[in-house]
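Student: I'm new to this structure and would like a close look at one part of it. Could you walk me through the sheet?

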Amino acid sequence: MQAGFDLGLEEARFSATIAHDVEAMRACLRNDFTFIHSSGRIDDRQSYLDLLGSGTLRYLEMQWSDMRLLARIGPMAQVFSRLDFTADFAGKDVAVSAYIVATWIEEDGAWRVLTVQSSGLPQSH
């Protein structure tokens, strides 16, 4: 029997990200995880955890909004949200506004993230 999907899982993922909690992130990411960043960079599970754990990517401020379940099909759930953050990436300050789609998969009674795709929004003038 499949467990229900709770948007609190996605909120917990964002909270672990801003806290740079590598162990919490490791627990919620599948081994075959892929992150496609708004910059076009692609990380697998280990390279993303290394990025957070090394301090190369330090999120300074993060706000998410408009979070909603796009689809729940069998053991798959897709979550949409808007994300606005500032970060230090390899010594450079970055500010990003993006739409995020995260795909979660339920397996053996636990939900874990398979993919995250981020699409950057145009900067306001």
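Student: In which sense do strand β4 and strand β5 pair, and over how many bridges?

Tutor: Happy to help! This is a predicted model, where local features need pLDDT of at least 70, side-chain atom pairs count only at pLDDT 80 or more, and totals for chains, interfaces and linings use all residues. Residues are numbered from 1 along each chain as its sequence is written, and side-chain values use heavy atoms, leaving out hydrogens and water.

Strand β4 (residues 76–89) and strand β5 (residues 92–107) pair in the antiparallel sense, over 14 bridges. Here, strands are DSSP runs of E with at least two residues, helices are runs of H or I with at least four, and both are numbered from the N terminus; two strands pair if DSSP finds at least two bridges between them. Within this pair, leucine 83 of β4 faces alanine 98 in β5. The two strands form a hairpin with 2 residues between them, and alanine 90 in its turn has a positive phi of about 55°.

On we go to strand β6 (residues 110–120), which runs antiparallel to β5 and is joined to β5 by 10 bridges. Tyrosine 99 stands opposite serine 119 in β6. The hairpin of β5 and β6 also has 2 residues between its strands, and aspartate 108 takes a positive phi near 55° there.

Back on the β4 side, β3 and β4 pair in the antiparallel sense over 13 bridges, and glutamate 61 stands opposite threonine 86 in β4.

Now the whole sheet: 6 strands form an open sheet with mixed pairing, in the order β2-β1-β6-β5-β4-β3. Its edge strands, β2 (42–44) and β3 (57–73), each pair on one side only.
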